[in-house]
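Welcome! Please take a moment to look at the sequence and the fold before reading on.

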Amino acid sequence: MKKTLVIGANGQIGKIVVDLLHNQDRPVVAMFRSKQQAEKLENMGVEVVVGDLETDFEHAFKDCDKVVFSAGSGGNTGYDKTLLIDLWAAKKAVDYSLKVGIQHFVMVSGLGAQDPDEFESEIKPYLVAKYFADQYLLSSGLNYTILRPGSLTNDKGNGLITTTCSTSTNDLFISREDVAKSIEYCINRDEVSNQIFQLYHGNEVIITALTASN
């Protein structure tokens, strides 16, 4: 059985995705930048691969037919890392996916990536990087799903979301756990192929929210 590669497995969302897949006995490969980062999951029986997003990481795609790109440069780095990770590494991941025949690429993007000029934001460089990464995936010919979550929280996820943008900015948030659950749902679902979804906390179960958006 082919595997799902999670790029960004050391991130908060990526960790949850790996746990969800592993606990369901679904073949998953967690990509980490260093062996030390990988040790904990490796000790739990999760298959890991070491790869640096700033160099060549094509080897990580071996025996995989699905990819989740949830990597990010983080809020404590400069714009150079935003460019290298959120844009260039995402571009390389798409290229590697094309080369090995990946069947489904799930991209974790960001709210506002559809138009970084739409509203004032201190993270505009990040949104610009995400915009071009998304556009590259859209034009690649790969089977994709792009997820654009609202502001991320560490609240306990309840599996209830909406893809409809509220008129109140106070409602434009979602827990990382519910984003991870949405990713896990999307990985093997043909009905979400070649779709872009905004994700917020809501009152619909994930399957209903994502299916209704088609």
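Here is a short tour of the sheet, two helices that lie across it, and one tyrosine.

Keep in mind that this is a predicted model.

**The sheet**

Let us begin with the strands. Nine of them form an open sheet with mixed pairing, in the order β3-β2-β1-β4-β5-β6-β10-β8-β11. At the edges you will find β3 (47-50) and β11 (204-205), each of which pairs on one side only. Now pick out two neighbours from that order: strand β4 (residues 64-69) and strand β5 (residues 104-108) pair in the parallel sense over four bridges. To see this pairing up close, find Val-68, which stands opposite Val-106 in β5.

**Helices across the sheet**

Two helices lie across strands of the sheet, and the table sets them side by side.

| Helix | Lies across | Angle |
|---|---|---|
| α1 (residues 12-23) | β1 (3-7) and β2 (28-32) | about 165° to β1 |
| α5 (residues 176-187) | β1, β4, β5, β6 (144-149), β8 (160-162) and β10 (195-201) | about 165° to β5 |

**A closer look at one tyrosine**

Next, move to helix α4 (residues 124-138), where Tyr-131 is found. Is Tyr-131 buried, exposed or partly exposed? Its relative accessible area is 26%. Buried would require under 20% and exposed over 50%, so Tyr-131 counts as partly exposed.

Which residues does Tyr-131 touch, leaving aside those up to four places away in sequence? They are Ala-113, Gln-114 and Pro-116. Ala-113 is a nice one to trace: Tyr-131 and Ala-113 are 18 residues apart in sequence, yet their C-alpha atoms are 4.7 Å apart in space.

Conventions:
Residues numbered from 1 in each chain as written. Predicted model: local features only at pLDDT ≥ 70, side-chain atom pairs only at ≥ 80, totals over all residues. Heavy atoms only, no water. Buried < 20%, exposed > 50% of the residue type's maximum accessible area, 1.4 Å probe, protein only. Contact = heavy atoms within 4.5 Å. Pairing = 2+ DSSP bridges. Axes fitted to C-alpha atoms, helices over the stretch in contact; angles between N-to-C directions.
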